[in-house]
Amino acid sequence: MIDFSIRRFYANFLQDAFLFGRGKIGIPFLYHCQNLNTPRQQRLQRAKFALPSSVTLLSIACGFASIVISVDNAHYGFAQDYRLAAFLLVLAGIFDALDGFVARATGTSSEFGVQLDSIADVMNFGCAPAVLLYCYGFVQMGPADPTLLRIGGIAAFFFVACGALRLARFNVNVGRTDPKYFVGMPITAGAACVASVVVAWPQFPDTKLEGYLVVALLFVVGSLMVSTIRFPSSKQKKSAAALVLLAVNVGLLVWLRAYYFVLFFVVYIAVTVALNLAWRSGWKGIAPPQVFNDD
């Protein structure tokens with residue numbers, strides 16, 4: 001079938017040719033030639049605006065794949081599958097960072113993209129890691145300890161609920177907090193924190209103690225997300241010390257490999273909590289977050 005815009009062009013072309021034969025043609029013919037490209041330009045513009053959302057959908061695909069792998073592997077307990085599900089959460093985090101970059105680079109930021117990104121975060125960094133930890137930490141132990149299975153389900157839901165509340169609070173406080181610090185642990189960091197345990201020890205827990213440690217992990221990280229503890233963001237001032245710290249972390253990653261991520265989050269949380277306690281005691285060695293009063 002011939003596209004409607006092309007048929008309209010030829011109809012107008014014939015009309016202008018008739019007018020040309022009578023000496024009455026002028027600008028209209030040129031106008032129709034220019035108008036032919038308008039639908040294509042509109043399609044390109046729509047594709048440009050769809051690009052950031054497409055990247056967000058890729059992150060959702062990674063989160064969904066992580067859930068599917070976790071559920072399929074729950075009754076088998078293959079270590080490599082749990083580790084794959086955890087790495088998919090990392091990939092989802094990479095796409096989550098890229099969609100904002102793409103939107104800013106192409107000038108296509110929109111309220112729709114903001115809302116889609118927020119929904120994606122709940123799924124990728126709330127539901128997916130909770131399902132992963134539930135299948136990894138409790139399903140295999142369920143027949144031997146039904147109580148642990150139920151408590152594990154409650155802990156997993158607690159993590160999801162805290163992540164959703166953390167995102168809602170972030171959305172309503174945009175522009176009202178110091179951008180150099182997050183209020184509460186970011187949901188992406190929370191998801192990476194619990195997933196780092198699976199990356200380091202992909203074999204499912206086989207004792208009650210290990211199972212209840214996974215319960216404690218979900219409750220602690222969930223509580224940190226909804227807390228008012230200020231966590232440093234990536235918008236800190238760049239300095240030589242930051243480059244040295246980066247180099248140290250790269251060296252530790254090469255040396256420790258999978259165990260590096262657990263060490264990173266232990267140090268990250270411990271230093272952050274210590275810094276907040278120091279601020280409350282009046283220490284000003286590192287400038288505390290600015291406080292914005294509501295007008």
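Leaving out neighbours within four places in sequence, Leu 149 touches four residues in this predicted model: Tyr 134, Phe 138, Val 139 and Gly 142. Leu 149 itself sits in helix H6. One of those partners, Val 139, is 10 residues away along the chain, and its C-alpha atom lies 6.5 Å from that of Leu 149. Leu 149 is not fully tucked away: with a relative accessibility of 26%, the residue counts as partly exposed, because that value falls between the 20% and 50% cut-offs.

Thr 56 makes a good contrast. This residue belongs to helix H3, which runs over residues 38-73, and its relative accessibility is just 3%, so Thr 56 counts as buried. Again setting aside neighbours within four places in sequence, Thr 56 has contacts with Asp 99, Leu 116, Asp 117 and Ala 120.

Aromatic rings come next. A pair of rings is described by how far apart the centres are and by the angle between the planes. Counted this way, there are 12 aromatic pairs. Take Phe 158 and Phe 219: the ring centres are 5.0 Å apart and the planes meet at 50 degrees, so this pair is tilted. Phe 158 comes from helix H6 (residues 146-172) and Phe 219 from helix H8 (residues 208-226), so the pair ties together parts of the chain that are 61 residues apart in sequence. Both rings belong to partly exposed residues, with a relative accessible area of 27% for Phe 158 and 28% for Phe 219.

Trp 201 and Tyr 259 make another pair, this one edge-to-face, with 5.8 Å from centre to centre and 65 degrees between the planes. Here, too, distant parts of the chain are linked, as the two residues are 58 residues apart. Trp 201 is in the loop between helix H7 (187-200) and H8, while Tyr 259 is in the loop between helix H9 (240-256) and helix H10 (260-280). Trp 201 is partly exposed at 44% relative accessibility, and Tyr 259 is partly exposed at 45%. Elsewhere, ring pairs join Phe 231, Tyr 260, Phe 261, Phe 264, Phe 265 and Tyr 268 into a cluster.

Trp 201 turns up again in the second largest pocket, as part of its lining. Rolling a probe the size of a water molecule over the atoms shows where space is left empty. The volume of this second largest pocket is about 270 Å³. Along with Trp 201, the lining is made up of Tyr 136, Val 197, Gln 203, Phe 204, Pro 205, Glu 210, Leu 213, Val 214, Ala 216 and Leu 217. Helix H8 gives the largest share of that lining, with 5 residues. Sorted by class, the lining has 9 nonpolar residues, 1 polar and 1 charged.

Finally, there is the database view of the chain. An unreviewed UniProt entry carries the annotation "transmembrane region" for residues 49-70, 82-102, 122-139, 151-169, 181-201, 213-232, 239-256 and 262-279. Two of these stretches can be set beside the model. Residues 122-139 are 100% helix and 0% strand, with the end C-alpha atoms 23 Å apart. Residues 262-279 are likewise 100% helix and 0% strand, and here the end C-alpha atoms are 26 Å apart.

Conventions. Residues numbered from 1 in each chain as written. Predicted model: local features only at pLDDT ≥ 70, side-chain atom pairs only at ≥ 80, totals over all residues. Heavy atoms only, no water. Phe/Tyr/Trp six-rings, centres within 6.5 Å; stacked < 30°, edge-to-face > 60°. Helix = DSSP H or I, 4+ residues; strand = E, 2+ residues; numbered from the N terminus. Buried < 20%, exposed > 50% of the residue type's maximum accessible area, 1.4 Å probe, protein only. Contact = heavy atoms within 4.5 Å. 1 Å grid on protein atoms, 1.4 Å probe; cavity = no way out; pocket = protein on both sides within 12 Å on 5 of 7 lines; lining within 4 Å. Points joined across faces, edges and corners; volume = space filled by probe spheres on them. Nonpolar A, V, L, I, M, F, W, Y, C, P; charged D, E, K, R; others polar. UniProt positions renumbered as here; feature names shortened; annotations may be inferred.
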